[in-house]
Amino acid sequence: MATVELRFSPLPEHVRTARLVAAAVARRAGVDEAVLDEVRLAVGEACTRAVALHSAQNLSSPVRVALVEDEKKFSIEVGDSGPPPQPAESLPAEQPASAPEEEGEGEMGLAVISGLVDDLEVGADDEGGLIRMSWPVIPDEEPV
């Protein structure tokens with residue numbers, strides 16, 4: 001199991017780099033070419049959400065991204081230092097008028113991610129919120 005770890009300052013300009021790295025590692029891991037745009041978009045949404053959360057809470061700790069290549073799946077974990085995110089399936093249909101704009105945007109990002117990723121876990125680790133996503137890999141064909 002190969003892992004690539006990326007940590008970046010919570011600045012919007014670093015989200016593009018995380019998307020590019022995720023797509024490159026996913027391609028090398030054997031994720032289907034047709035799914036790479038979904039990988040890029042999902043990582044972009046998760047990282048943008050983490051950057052916005054850090055900004056809203058004045059957190060300077062880095063956003064954490066782990067890209068894990070396994071035999072049967074490729075996983076990405078995006079971690080932040082804020083409170084655990086709400087799972088997309090438990091999101092309210094409409095935001096209360098008093099909800100902060102950043103929180104509504106974060107929930108919208110989770111809704112977008114849940115539409116892009118079949119295998120999605122939203123939770124927390126020791127450092128804060130954590131979003132785990134995974135995609136199947138195409139197995140290497142063995143020589144005949």
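Buried means a relative accessible area under 20% and exposed means over 50%, with partly exposed in between. The exercises below apply this scale, among others, to a predicted model.

**Exercise 1. Establish how far the model can be trusted along the chain, and where caution is needed.**

Step 1. The mean pLDDT of the chain is 84, and 81% of the residues reach 70 or more.

Step 2. Over residues 90-102, however, the pLDDT is below 50, and beyond near neighbours in sequence this stretch has eight contacts in the model. Where pLDDT is low, the predicted coordinates should not be read in detail.

**Exercise 2. Describe the elements of the chain and the order of the strands in the sheet.**

Step 1. The chain holds three helices and five strands, and from the N terminus these elements follow one another as β-α-α-β-β-α-β-β.

Step 2. The five strands make an open sheet with antiparallel pairing, in the order E1-E2-E3-E5-E4. Strand E1 (2-8) and strand E4 (119-125) each have a single partner strand, so one side of each is left without a neighbour in the sheet. From one strand to the next, the twist averages 15°.

Step 3. Taking the pairs in turn, E1 and E2 run antiparallel and are joined by seven bridges, while six bridges join E2 to E3, again antiparallel. E2 and E3 form a hairpin with three residues between them. Strand E3 (residues 73-79) is in turn joined by seven bridges to strand E5 (residues 128-136), with the two running antiparallel, and within this pair Ile 76 of E3 stands opposite Met 133 in E5.

**Exercise 3. Determine whether the residues of E2 are buried or exposed, and place Arg 64 among its neighbours.**

Step 1. Seven of the seven residues of E2 are buried. The cover extends to both faces, with Val 63, Val 65, Leu 67 and Glu 69 on one side and Arg 64, Ala 66 and Val 68 on the other.

Step 2. Arg 64 of E2 is the bridge partner of Arg 7, and Arg 64 also stands opposite Gly 79 in E3.

Step 3. Arg 64 is, in addition, linked with Asp 125 and Glu 127 in a network of salt bridges, although Arg 64 itself is one of the buried residues of the strand.

**Exercise 4. Work out how the helices H1 and H2 pack, and how H2 lies on the sheet.**

Step 1. Helix H1 (residues 15-29) and H2 pack at an angle of about 145°, their axes being 9 Å apart, and the crossing of the two helices is right-handed.

Step 2. On the side of H1 the contact is made by Val 15, Ala 18, Arg 19, Ala 22, Ala 23, Ala 26 and Arg 27. On the side of H2, the residues taking part include Leu 36, Val 39, Arg 40, Val 43 and Gly 44.

Step 3. Helix H2 (residues 36-56) also lies across E1, strand E2 (63-69), E3 and E5, and runs at about 180° to E5.

**Exercise 5. Find the partners of Arg 27, Arg 40 and Glu 77 in salt bridges, and classify the accessibility of these three residues.**

Step 1. Side chains of opposite charge can pair when their charged atoms come close. With a side-chain nitrogen of Lys or Arg required to be within 4 Å of a carboxyl oxygen of Asp or Glu, the count comes to eight salt bridges.

Step 2. Arg 27 forms a salt bridge with Glu 33, with 2.9 Å between the closest N and O atoms. The relative accessibility of Arg 27 is 43%, and therefore this residue counts as partly exposed.

Step 3. Arg 40 pairs with Asp 37 in a salt bridge whose closest N and O atoms are 2.6 Å apart. Both residues lie in helix H2, three residues apart, which is about one turn of the helix. Arg 40, at 25% relative accessibility, is partly exposed, and Asp 37 is partly exposed with a relative accessible area of 48%.

Step 4. Glu 77 forms a salt bridge with Arg 132, the closest N and O atoms being 3.0 Å apart. Because Glu 77 lies in strand E3 and Arg 132 in strand E5, the pair ties together parts that are 55 residues apart in sequence. Glu 77 counts as partly exposed at 25% relative accessibility, as does Arg 132 at 33%.

Definitions and conventions. Residues are numbered from 1 along each chain as its sequence is written. This is a predicted model: local features need pLDDT of at least 70, side-chain atom pairs count only at pLDDT 80 or more; totals for chains, interfaces and linings use all residues. Side-chain values use heavy atoms; hydrogens and water are left out. Two strands pair if DSSP finds at least two bridges between them. Helices (H or I, at least four residues) and strands (E, at least two) are DSSP runs, numbered from the N terminus. Axes are lines fitted to C-alpha atoms, for helices over the stretch in contact, and angles run from 0 to 180 degrees between N-to-C directions. Contact means heavy atoms within 4.5 Å. pLDDT is the predictor's confidence in each residue, from 0 to 100. Buried means under 20% relative accessible area, exposed over 50%, partly exposed in between (1.4 Å probe, protein chains only). A crossing is left-handed if the near helix is turned anticlockwise from the far one by less than a right angle, and right-handed if clockwise.
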